[in-house]
Amino acid sequence: MQSLTSALEAASKGNAPLVVGYVLLGILVLQGLIMLYSHIRRLYRERKEHDLARRRLELQIKTAMVQHEEAEQSRLVWNGYRKFTVAKKILECEDVYSFYLIPHDCKPLPPFKPGQYLTFSLNLPGQAKPVIRCYSLSDSHRKEGYRVTIKRALPPPDCADGKPGIASSYFCDCVKEGDILDVKAPGGHFFLDLGKERPVVLISGGVGITPMISMLNAILESGSKREVWFFFGARNRSEHILKDYTEKIARDHDNVRMHICYSRPGKEDKQGVDYQHAGRVTVELFKQLLPSNNYDYFLCGPGAFMKSITDDLSAWGVPDSCVFFEAFGPATVKKSAPKPAASTTAPAANIDVTFSKTGKTVHWRPEVATLLDLAEENGIKIEAGCRAGNCGTCLVAIKSGAVDYVTEHGAAAEEGSCLTCICKPKANLVLDA
């Protein structure tokens with residue numbers, strides 16, 4: 001402003017050249033500012049374009065990696081059973097062992113999705129036919145082999161005449177390093193999608209920790225900083241599976257919040273060292289610790305434990321689409337299954353299911369999840385392994401009638417038979433069971 005005043009004064013005194021000089025200088029400064037502004041805008045635009053191109057490239061790379069992994073899995077996956085050698089057997093804690101399995105033919109293994117399981121065919125003493133059991137993989141994918149961690153299945157405390165699980169006891173007591181086992185390829189629809197970055201809550205009780213360790217390891221080894229809340233429940237330190245390992249994870253990774261709950265801490269168990277919370281894993285604990293309920297929740301554990309958690313998550317406003325769970329043994333947690341088309345399904349009150357070998361006929365009720373559940377309710381024995389339609393153990397011949405499947409399945413159901421663990425009757429049905 002002062003320079004302009006001086007210029008006007010000079011002009012008034014007849015110093016025209018000085019005035020022209022000031023004007024030219026002003027024009028040059030203005031042009032410089034305009035050029036600088038244009039340059040900054042161009043740099044900003046180029047930076048945005050660069051960031052957009054980088055994100056597109058990252059997405060293309062991630063998509064290509066996923067496609068490559070799926071193609072590799074399809075190429076390496078095997079049908080039926082394959083021989084595996086027990087390379088190592090390690091005692092993790094009381095009645096819990098980890099088994100490291102390597103392919104007997106030394107050929108490459110397909111990758112698997114964290115949370116999936118292996119299906120074993122076991123020739124057990126005193127059993128007329130092979131016993132089929134499924135056990136979750138307890139590590140992320142390793143080129144050299146697979147790991148499963150198995151706990152001896154003990155009878156309920158109130159069952160005086162109960163016996164431990166025959167398959168889990170066989171693994172704990174009889175399987176040794178160097179033994180060869182028959183194993184199906186990894187399967188199951190319960191797994192973590194590594195292509196997402198949405199924060200997760202991994203919830204487990206007892207040996208249900210095994211698929212959660214697989215998920216946790218896969219997240220960490222991918223280099224992701226995905227937010228992970230890890231809740232695990234056990235009675236005390238003697239039943240704390242993979243204790244040293246989970247403690248190391250908590251120390252080494254700041255994106256993992258580890259919360260261990262002991263329902264019956266021992267005299268030597270130290271809160272804040274061995275465990276963080278006295279009591280069970282509950283949704284009330286989640287409400288105290290989580291910033292919100294906006295997470296994906298993955299659960300595995302005893303049926304009653306999972307039913308309590310899923311019911312309370314629903315009451316907390318967590319949508320079913322954000323809750324994923326895995327249960328072996330009798331299904332006590334049920335999500336609403338897709339309803340078959342009305343035109344193909346008779347009213348539930350008019351459907352009878354006959355189990356021809358036992359001579360029992362029972363009415364189908366809409367609240368029953370599957371034919372396997374109906375059989376178990378009525379004391380009819382049908383062998384079952386995965387309860388997810390993958391191992392094929394529950395396959396039963398259909399003598400008359402037809403069924404609807406309520407979920408996808410990996411096992412092939414031969415014509416005229418059905419996988420009872422994942423299907424319902426369309427109309428009156430007669431099964432060879």
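1. Two strands count as paired here if DSSP finds at least two bridges between them. On that basis, in this predicted model, strand β15 (residues 395-400) is joined to strand β19 (residues 429-431) by two bridges, and the two run antiparallel. Within the pairing, I398 stands opposite L431 of β19.

2. The β15-β19 pair belongs to an open sheet of five strands, ordered β14-β13-β19-β15-β17, in which the pairing is mixed. At its edges stand β14 (360-363) and β17 (417-419); each has a single partner strand, so one side of each is left without a neighbour in the sheet. From one strand to the next, the twist averages 35°. As background, the strands of a sheet pair through backbone hydrogen bonds, in either a parallel or an antiparallel sense.

3. For the overall picture, the protein has eight helices and 19 strands. It has 433 residues, and 41% of them count as buried. The accessible surface is about 23700 Å², with 55% of it belonging to carbon and sulfur atoms. Among contacts with a separation of 6 or more, 65% are made by residues 24 or more positions apart.

4. Another open sheet has six strands in the order β10-β9-β8-β7-β11-β12, and its pairing is parallel. The edge positions are taken by β10 and β12 (323-326); because each has a single partner strand, one side of each is left without a neighbour in the sheet.

5. The pairings can be followed from β7 towards the β10 edge. Strand β7 (residues 200-205) pairs with β8 in the parallel sense over six bridges, and I203 stands opposite F231 of β8. Helix α4 (residues 209-221) packs on this sheet and touches β7, β8, β9 and β11 (296-300); the direction of α4 makes about 150° with that of β7.

6. Next, strand β8 (residues 228-234) is joined to β9 by seven bridges, again with a parallel run. W229 stands opposite R257 of β9 in this pairing. Between these two strands the chain passes through helix α5 (residues 243-252), and the resulting β-α-β crossover is right-handed.

7. Strand β9 (residues 256-262) has six of its seven residues buried, so it is largely enclosed by the rest of the structure. In addition to its pairing with β8, β9 pairs in the parallel sense with strand β10 (residues 277-278) over two bridges. There, Y262 has A278 of β10 as its bridge partner.

8. Which residues of α5 are buried, and which are exposed on the other side? K243, T246 and I249 are buried in α5. They cover an arc of only 125° around the axis, which puts them on the same side of α5. D244 and R251, on the other side of the helix, are exposed. The cut-offs behind these words are under 20% relative accessible area for buried and over 50% for exposed.

9. The buried residues of α5 pack against α4 and β9. This ties the crossover helix to points already made: α5 lies on the chain path from β8 to β9, and α4 itself touches β9 as well as β7, β8 and β11. A reader inspecting the model could take β9 as a starting place, with β8 and β10 as its paired strands.

Key
Residues are numbered from 1 along each chain as its sequence is written. This is a predicted model: local features need pLDDT of at least 70, side-chain atom pairs count only at pLDDT 80 or more; totals for chains, interfaces and linings use all residues. Side-chain values use heavy atoms; hydrogens and water are left out. Helices (H or I, at least four residues) and strands (E, at least two) are DSSP runs, numbered from the N terminus. Axes are lines fitted to C-alpha atoms, for helices over the stretch in contact, and angles run from 0 to 180 degrees between N-to-C directions. Buried means under 20% relative accessible area, exposed over 50%, partly exposed in between (1.4 Å probe, protein chains only). Contact means heavy atoms within 4.5 Å. Accessible areas come from the Shrake-Rupley method with a 1.4 Å probe; for residues, only the protein chains shown count as cover. A crossover is right-handed if, with the strands pointing away from the viewer, the path from the first strand over the helix to the second runs clockwise. The arc is that of the directions from the helix axis to the C-beta atoms.
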